[in-house]
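Subject: Structure handover, salt bridges

Hello,

Here is the structure for your files. My notes on the charged side chains come after it.

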Amino acid sequence: MAANGFIEGRMKRLALVAVLALAATVLAWFFVWRAPLPPLARDLPSSGDIASQEFSQRIKQRFPLATAEQDVLSELVSQGFQVQQCDAAAGTSAVIFEQGGFPCKHVWYIWWQADGAGHLTAIDAKYADVCV
């Protein structure tokens, strides 16, 4: 009987250690291992609307109209943005960068249009906090 109590206690301790290790891994991933912000997305104001306006201004200043679309795409992908849409026939493209997870995540979204020669004719951007 004493052996059973010893085994039960040991199993409970092992289960507790496993749960704590899993929790530590999840917290470390969330706070340490997540991708760093792209330079264009760093140091925005904390207010969502103001941050979105400033992010849009940064993108428009960094990539003025007539910039080669390939240069825009290359730089944004190198900063960690993911291609969301690329429709060469329509001349539209978009990239996204997301950080965080449940219940809220931060989203930086950039979209543009290019002419037949591959130069920007329009570009805009938005930052938002998205919560479930």
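The notes below cover salt bridges and the exposure of the residues that form them.

Please keep in mind that this is a predicted model. The count comes to four salt bridges; three of the pairs are described here.

Glutamate 54 and arginine 58
These two side chains form a salt bridge, with the closest N and O atoms 3.0 Å apart. Both residues sit in helix H2, which covers residues 48–62, and they are four residues apart, about one turn of the helix. Their exposure classes are as follows: glutamate 54 has a relative accessible area of 28% and is partly exposed, while arginine 58 has 19% and is buried. Arginine 58 is classed as buried because its 19% falls under the 20% cut-off.

Lysine 60 and aspartate 124
Helix H2 also supplies lysine 60, whose side chain meets that of aspartate 124 in a salt bridge at 3.8 Å, N to O. This pair links distant parts of the chain, since aspartate 124 lies in strand E4 (residues 120–131), 64 residues from lysine 60. Lysine 60 is partly exposed at 41% relative accessibility, and aspartate 124 is partly exposed at 24%.

Glutamate 98 and lysine 105
Here the closest N and O atoms of the salt bridge are 3.0 Å apart. Glutamate 98 has a relative accessibility of 43% and lysine 105 one of 29%. Glutamate 98 therefore counts as partly exposed, and lysine 105 is also in the partly exposed class.

Regards

Technical notes:
Residues are numbered from 1 along each chain as its sequence is written. This is a predicted model: local features need pLDDT of at least 70, side-chain atom pairs count only at pLDDT 80 or more; totals for chains, interfaces and linings use all residues. Side-chain values use heavy atoms; hydrogens and water are left out. Helices (H or I, at least four residues) and strands (E, at least two) are DSSP runs, numbered from the N terminus. Buried means under 20% relative accessible area, exposed over 50%, partly exposed in between (1.4 Å probe, protein chains only).
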